[in-house]
Amino acid sequence: MPKFAKSLALVLVALPLALPAFAADYTKGTVQKVDARAKKLTIKHEELANLDMPAMTMVFVVADPSMLEKAKEGQAIEFVAERIRGKLTVIEMK
Ligand SMILES: [Cu+2]
């Protein structure tokens with residue numbers, strides 16, 4: 001139940017800002033750098049279909065700072081990113 005509530009909260013936060021494809025699939029990536037102070041993650045990611053972006057290494061902000069605690073450099077992750085107020089933001093990560 002808490003997990004559902006969290007997902008719902010994310011949907012409610014992201015809905016007015018996100019473009020059509022909210023039900024985005026997870027994209028694979030590798031964490032290259034964790035910047036806890038700036039709340040940013042550098043991720044080498046595969047193609048992000050919802051953002052029309054090819055595979056590359058780039059910096060994302062995170063929607064939830066707790067993601068930074070879970071992320072370690074060199075870690076393989078699956079994540080969902082959206083453009084929120086002009087910033088590419090990781091909104092889900094596993
Ligand atoms: Cu990119």
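Is Thr42 buried or exposed? I started my notebook with that one, and Thr42 comes out as buried, since its relative accessibility is 17% and the cut-off for buried is under 20%. One caution before going on: I am working from a predicted model.

**Entry 1: around Thr42**

I placed Thr42 in strand β2. Then I listed its contacts, skipping neighbours within four places in sequence. Thr42 meets Thr30, Val31, Gln32 and Lys33, and also Thr57, Met58 and Val59. I checked those numbers against the strands: β1 covers 27–35, and β3 covers 56–62.

**Entry 2: the fold**

I counted two helices and five strands in the protein chain. Reading from the N terminus, I get the order α-β-β-β-α-β-β. The chain has 94 residues, and 33% of them are buried. I also looked at how far apart in sequence the contacts reach. Taking contacts between residues at least 6 apart, 51% link residues at least 24 apart.

**Entry 3: the copper ion**

Which protein atoms hold the copper ion as donors? I found NE2 of His45 plus the SD atoms of Met53, Met56 and Met58, at 2.0 to 2.6 Å from the ion. The angles among the four donor atoms run from 104 to 119 degrees, and the site is tetrahedral. Along the chain, the donors are spaced H-x7-M-x2-M-x1-M.

I then checked two of the methionines for burial. Met53 has 10% relative accessibility, so I put it down as buried. Met58 is at 13%, so Met58 is buried too. Met58 is also on the contact list of Thr42 from my first entry.

Next to Met53 in sequence is Asp52, and I looked at its backbone. Asp52 has a phi near 55 degrees, which is positive in a residue that is not glycine. Asp52 sits in the loop between β2 and β3. With 71% relative accessibility, Asp52 counts as exposed.

**Entry 4: the nonpolar core**

I went to the largest nonpolar core, which has 18 residues. Leu41, Ile43, Phe60, Phe79, Val90 and Met93 have the most contacts inside it. At least two core residues come from each of β2 (40–45), β3 (56–62), α2 (66–70), β4 (76–84) and β5 (87–93). In soluble globular proteins, nonpolar side chains tend to be buried together.

I followed up on Phe79. Leaving out residues up to four places away, Phe79 touches Ile43, Phe60, Val90 and Met93, among others. Its list also includes His45, one of the copper donors. From the stretch before and into β1, Phe79 touches Asp25, Tyr26, Thr27, Lys28 and Gly29, among others.

**Entry 5: Tyr26 and the pocket**

Where is Tyr26? I found Tyr26 in the loop between α1 and β1. Its relative accessibility is 34%, so I noted Tyr26 as partly exposed. Outside its sequence neighbours within four places, Tyr26 contacts Glu78, Phe79, Val80, Glu92, Met93 and Lys94. Tyr26 and Val80 are 54 residues apart in sequence, yet their C-alpha atoms are 5.1 Å apart.

Tyr26 turned up again at the largest pocket, where it is among the lining residues nearest the centre, together with Lys3, Lys6, Glu92 and Met93. The lining has 10 residues, and the pocket holds about 220 Å³ of space. Elements giving two or more residues to that lining are α1 (2–14), α2 and β5. The largest share, four residues, is from α1.

**Entry 6: two leftovers**

I had Asp35 on my list as well. Asp35 lies in strand β1 and is partly exposed, at 27% relative accessibility. Its contacts beyond four places in sequence are Lys40 and Leu68. Asp35 and Val59 are 24 residues apart along the chain, and I read 9.7 Å between their C-alpha atoms.

Last came Arg85, another non-glycine with a positive phi, about 45 degrees. Arg85 is in the loop between β4 and β5. Its relative accessible area is 72%, so I marked Arg85 as exposed.

Methods. Residues numbered from 1 in each chain as written. Predicted model: local features only at pLDDT ≥ 70, side-chain atom pairs only at ≥ 80, totals over all residues. Heavy atoms only, no water. Core = buried A, V, L, I, M, F, W, Y, C linked by side-chain atoms within 4.5 Å. Buried < 20%, exposed > 50% of the residue type's maximum accessible area, 1.4 Å probe, protein only. Contact = heavy atoms within 4.5 Å. Donors = N, O, S within 2.8 Å, 3.2 Å for Na, K, Ca; no water. Tetrahedral: all angles 85-135°; square planar, octahedral: opposite > 155°, others 65-115°. 1 Å grid on protein atoms, 1.4 Å probe; cavity = no way out; pocket = protein on both sides within 12 Å on 5 of 7 lines; lining within 4 Å. Points joined across faces, edges and corners; volume = space filled by probe spheres on them.
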